[in-house]
Amino acid sequence: KQWYQRRVRGGLARSSPQSPPQTDGICGHVLIGTAKLFLHCLRHDIGVSYSPPIVDKHGQVFGHLKVKLQRLSSSKNGGSLDGNKNSSLIGDLLIGSKVTVHIGVIEATGIPSKLNNYVFCQYKFWDHKDMILPALEFQQHLPRSNTAVFEHQETYTVNVTQSFLNYVNDGLLFCRGVGVEAG
């Protein structure tokens, strides 16, 4: 409790050595694993819905996270395709434009019963300051069920820069699954 109060007041950094182990600051919870989402679909006006595995630090799969990822729109107001050597285009993304991205975290399935007491996930998209913690739909998380339903939807508007293009082309969105061990 004291750690949490100091964290809220800004007294502890996210990577503080006083943070609880394996959770990066989430007190009393155990890291189930991480689902890695490829961002290539954001280069084009297409959406994907897929279930990447939730993999623990030892490489063991502990379920799947159903996720939707889609670029909703792109405005090319700031960029140009007029032959300017400073402009860069990857897929339909142009430096200087804005893009709206939709992320949906739907559910986690196949979570081991020993870790499914209370399951949540967290992620951070691009350069947004806050870690996103999708809320668990409690009425749909039944005791001893191996599915946790989130139905989380978030939309981001991003200025397209070379760094963002690199992130979309080569980067991953990491969604960490966290749970409370059944006692």
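So, long-range contacts: take the contacts in this chain, meaning heavy atoms within 4.5 Å, between residues at least 6 apart in sequence, and 65% of them join residues at least 24 apart. Keep in mind that this is a predicted model, where local features need pLDDT of at least 70, side-chain atom pairs count only at pLDDT 80 or more, and totals for chains, interfaces and linings use all residues. Residues are numbered from 1 along each chain as its sequence is written, and side-chain values use heavy atoms, with hydrogens and water left out.

Okay, the layout. We have two helices and ten strands; these are DSSP runs numbered from the N terminus, with helices being H or I of at least four residues and strands being E of at least two. Going along the sequence, the order reads α-β-β-β-β-β-β-β-β-β-α-β.

Now burial. Of the 183 residues, 41% are buried, and buried here means under 20% relative accessible area, with exposed over 50% and partly exposed in between, using a 1.4 Å probe and protein chains only. The chain exposes about 10000 Å², and carbon and sulfur atoms supply 50% of that. Those areas come from the Shrake-Rupley method with a 1.4 Å probe, and for residues only the protein chains shown count as cover.

Let's look at helix α2, residues 162-170. Which of its residues are buried? They are F164, L165, Y167 and V168. They sit on the same side of α2, because they cover an arc of only 160° around the axis, where the arc is that of the directions from the helix axis to the C-beta atoms. As a reminder, an α-helix has 3.6 residues a turn, so residues three or four places apart point the same way.

Next, the cysteines, since somebody always asks. How many disulfides does the count come to? Zero, taking a disulfide as a pair of cysteine sulfur atoms within 2.5 Å. For C121, the nearest cysteine sulfur is that of C175, 5.6 Å away. From the other end, the closest cysteine sulfur to C175 is the one in C121, and that is too far for a bond. C121 is buried at 2% relative accessibility, and C175 is buried too, at 1%.

On to the second largest pocket, with about 150 Å³ of space. The recipe: on a 1 Å grid over the protein atoms alone, a pocket is an open set of points where a 1.4 Å probe fits, with protein on both sides within 12 Å along at least five of seven lines, and lining residues have an atom within 4 Å of a point. Eleven residues line this pocket, and the closest to its centre are V30, L31, I32, D56 and F62. Strand β1, residues 30-38, gives the largest share of the lining, with four residues.

A few single residues to finish. G47 lies in strand β2, residues 47-50, and is partly exposed at 45%. Leaving aside neighbours within four places in sequence, G47 is in contact with L69 and Q70. The C-alpha atoms of G47 and L69 are separated by 5.6 Å, with the two residues 22 apart along the chain.

Then there are positive phi values. W126 has phi near 50° without being a glycine; W126 lies in the loop between β8 (119-122) and β9 (147-159) and is partly exposed at 23%. E151 also has a positive phi, near 50°, but E151 lies in strand β9, and at 42% relative accessibility E151 counts as partly exposed.

Terms used:
Points joined across faces, edges and corners; volume = space filled by probe spheres on them.
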